[in-house]
Amino acid sequence: MSRFFLAISCFLFISTIVRATDVKYCDDNAQYQVKVQGVDISPYPIARGEQVTFSLASNTDNVISKGKLVIEVSYFGWHIHSETHDLCDETNCPVAIGDFLVAHSQVMPGYTPPYNKTNRLVSVMSGGKKLEPNGPYSLKMKMLDGHKELTCIKFSFDIGFGSSVADM
């Protein structure tokens, strides 16, 4: 009985620190070379001022020897951040045919407007109104090989009240 309890406890703990989120393609009609099955965000909820990892479970029918990731972050539709990374820094290159994982980690800014569990922005902007169900932040990620777009996905997320240098 105690092993069963331990196994259930571990599962519940892990399920609270990792979240799989729904992914949408930027263009539903595009024939992307890389298919993304899902994104895991760890830890979840995301805490401001703390490191977070976005892991993309992906699949390709072609070998990928190089490329770059272009990441754009928006807050309520307003572009707030962009960055570009070498694909081979985020996964093992060359990427073989089949399944592969792209994992990007970074520390969230110390000041980000939090979003509480009732999905209302904790600021004057909300006016007490219910906002986007999946969070006010959206991430768009393009995987490029030169000028060729291998995939383009987008998903929403929120940032909780976690620690912050400003809180100390």
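1. Disulfide pattern. Counting the bonded cysteines along the chain, the disulfides of this protein are paired 1-4, 2-3. The model is a predicted one, and a search through the whole structure returns two disulfides. The two links are taken in turn below.

2. Cys26 to Cys152. These two cysteines are joined with an S to S distance of 2.0 Å. The torsion about their S-S bond is about -70°, so this disulfide is left-handed. Cys26 sits in the loop between β2 (24-25) and β3 (34-42), while Cys152 belongs to strand β10 (residues 148-157), so the bond ties together parts that are 126 residues apart in sequence. The two ends are not equally accessible: Cys26 has 26% relative accessibility and counts as partly exposed, whereas Cys152, at 1%, counts as buried. The cut-off for buried is under 20% relative accessible area.

3. Cys88 to Cys93. The sulfur atoms of this second disulfide are 2.1 Å apart. The value about the S-S bond is -95°, and the link of Cys88 and Cys93 is left-handed. Cys88 is partly exposed, with a relative accessible area of 29%, and Cys93 is likewise partly exposed at 29%. Cys93 also takes part in a cis peptide bond, with Pro94 as its partner and omega about -5°. Pro94 is located in the loop between α2 (87-90) and β8.

4. Other backbone points to check. A cis peptide bond also joins Ser42 and Pro43, again with omega about -5°. Pro43 is in the loop that runs between β3 and β4 (46-47). Phe76 has a positive phi, near 50°, although the residue is not glycine. Phe76 lies in the loop between β6 and β7 and is partly exposed, with 23% relative accessibility.

5. Overall layout. The secondary structure amounts to two helices and 11 strands. In sequence order the elements read α-β-β-β-β-β-β-β-α-β-β-β-β. The protein has 168 residues, of which 36% count as buried. Among contacts with a separation of 6 or more, 59% are between residues 24 or more positions apart.

6. Nonpolar core. Which residues of the largest nonpolar core touch the most other members? They are Ile41, Ile46, Phe54, Met143, Phe155 and Phe157, out of 28 residues in this core. At least two core residues come from each of β3, β5 (51-60), β6 (68-75), β8 (98-107), β9 (137-145) and β10. For Phe54, with sequence neighbours within four places set aside, the contacts are Val39, Asp40, Ile41, Ile46, Val102, Ala103, His104, Met108 and Phe155. Ile41, Ile46 and Phe155 are thus both partners of Phe54 and members of the group that touches the most other core residues.

7. Largest pocket. The largest pocket holds about 320 Å³ of space. Its lining has 24 residues, and those nearest the centre are Val73, Gln106, Met108, Leu139 and Phe157. Of these, Met108 is also in contact with Phe54, and Phe157 is also named among the core residues that touch the most other members.

8. Composition of the lining. By residue class, the lining of the largest pocket has 19 nonpolar residues, four polar and one charged. At least two lining residues are supplied by each of β5, β6, β7 (78-86), β8, β9 and β10. Which strand gives the most to this lining? Strand β8 does, with four residues. Strands β5, β6, β8, β9 and β10 also each supply at least two residues of the largest nonpolar core.

9. Ser74. This serine is part of strand β6. Is Ser74 buried or exposed? Ser74 counts as buried, at 15% relative accessibility. Leaving out residues up to four places away in sequence, Ser74 touches His79, Ile80, Pro136, Tyr137 and Ser138.

Definitions and conventions
Residues numbered from 1 in each chain as written. Predicted model: local features only at pLDDT ≥ 70, side-chain atom pairs only at ≥ 80, totals over all residues. Heavy atoms only, no water. Disulfide = S-S within 2.5 Å. Buried < 20%, exposed > 50% of the residue type's maximum accessible area, 1.4 Å probe, protein only. Core = buried A, V, L, I, M, F, W, Y, C linked by side-chain atoms within 4.5 Å. Contact = heavy atoms within 4.5 Å. 1 Å grid on protein atoms, 1.4 Å probe; cavity = no way out; pocket = protein on both sides within 12 Å on 5 of 7 lines; lining within 4 Å. Points joined across faces, edges and corners; volume = space filled by probe spheres on them. Nonpolar A, V, L, I, M, F, W, Y, C, P; charged D, E, K, R; others polar.
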